[in-house]
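Here are some notes on the aromatic side chains of this model, set out as numbered points to be read beside the structure.

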Amino acid sequence: MAALHTPWMGLVLLGVLGILQTRAESQVSPQPNFQQDKFLGRWFTSGLASNSSWLREKKEHLFVCKSVVTPMADGGLNFTNTFLRKNQCDTRTLLLQPAGLPGHYSYMSPHWGSMHAVWVVDTDYEDYALLHSSGTTALGQDTHMAFLYSRAQTPRPEVKEKFAAFAKAQGFTEDTIVFLPPNDKCLE
């Protein structure tokens, strides 16, 4: 008898997770009147929040990293990220494709092989940008992340407070929000 309930419980759980994901994504929208040309250039990833366990496991090994954002011919963005990994500089590129309103993009995760959505939720273009990303891993886990990008390696305290409030409004808890320490490698 228990074997008959297992598939139904799985379907109910998937339905509930689907509803939760839809509700979380519906709370996120791109900044009104987003101006992609002003968003281009060099940024530093100085804050992260994630519901994934990898952040809790690896946060002691993470540092500020550099991102260079350039336009693509199709209206998307090329995000080239350079970061310190095992005491060497590593570079990864994400190709963000337009996905609706300006400031809303999607990309194929090179790690998971699945589509992820990205929203530029808030930016003043000259100092900070708050981004939200969501997707599903190959294992079926829904992932949500918030990012603080700043034009300086060390963001102002008010910007850090703004990011923490933004991340908490997206459902992240204090222990899942990380401000990355600066370093002197891989940032030039």
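1. How many aromatic pairs does the count come to? The model is a predicted one, and in it the count comes to eight aromatic pairs. One of these is formed by F163 and F166, whose rings are tilted, with 6.5 Å from centre to centre and 45° between the planes.

2. Where F163 and F166 sit in the chain accounts for part of this arrangement, because both belong to helix α4 (residues 157–169) and, being three residues apart there, are separated by about one helical turn. Both F163 and F166 are buried.

3. F163 also pairs with F179, and here the geometry is edge-to-face, at 5.8 Å centre to centre and with 75° between the planes. This pair links distant parts of the chain, since F163 lies in helix α4 whereas F179 lies in strand β9 (residues 177–179), 16 residues apart.

4. Is each partner of that pair buried or partly exposed? F163 has a relative accessible area of 0% and is therefore buried, the limit being under 20%, whereas F179, at 30% relative accessibility, counts as partly exposed. The ring of F179 also has a charge over it, for the charged end of K160 sits 5.0 Å from the ring centre.

5. Elsewhere, ring pairs link F34, F39, W43, F79, Y125, F147 and Y149 into a cluster. One member of this cluster, W43, has R151 lying over its face, at 3.7 Å from the ring centre.

Key
Residues are numbered from 1 along each chain as its sequence is written. This is a predicted model: local features need pLDDT of at least 70, side-chain atom pairs count only at pLDDT 80 or more; totals for chains, interfaces and linings use all residues. Side-chain values use heavy atoms; hydrogens and water are left out. Rings of Phe, Tyr and Trp (its six-membered ring) pair if their centres lie within 6.5 Å; planes under 30 degrees apart count as stacked, over 60 as edge-to-face and the rest as tilted. Helices (H or I, at least four residues) and strands (E, at least two) are DSSP runs, numbered from the N terminus. Buried means under 20% relative accessible area, exposed over 50%, partly exposed in between (1.4 Å probe, protein chains only). A charge sits over a ring if NZ of Lys or CZ of Arg is within 6 Å of the ring centre and within 35 degrees of the ring normal.
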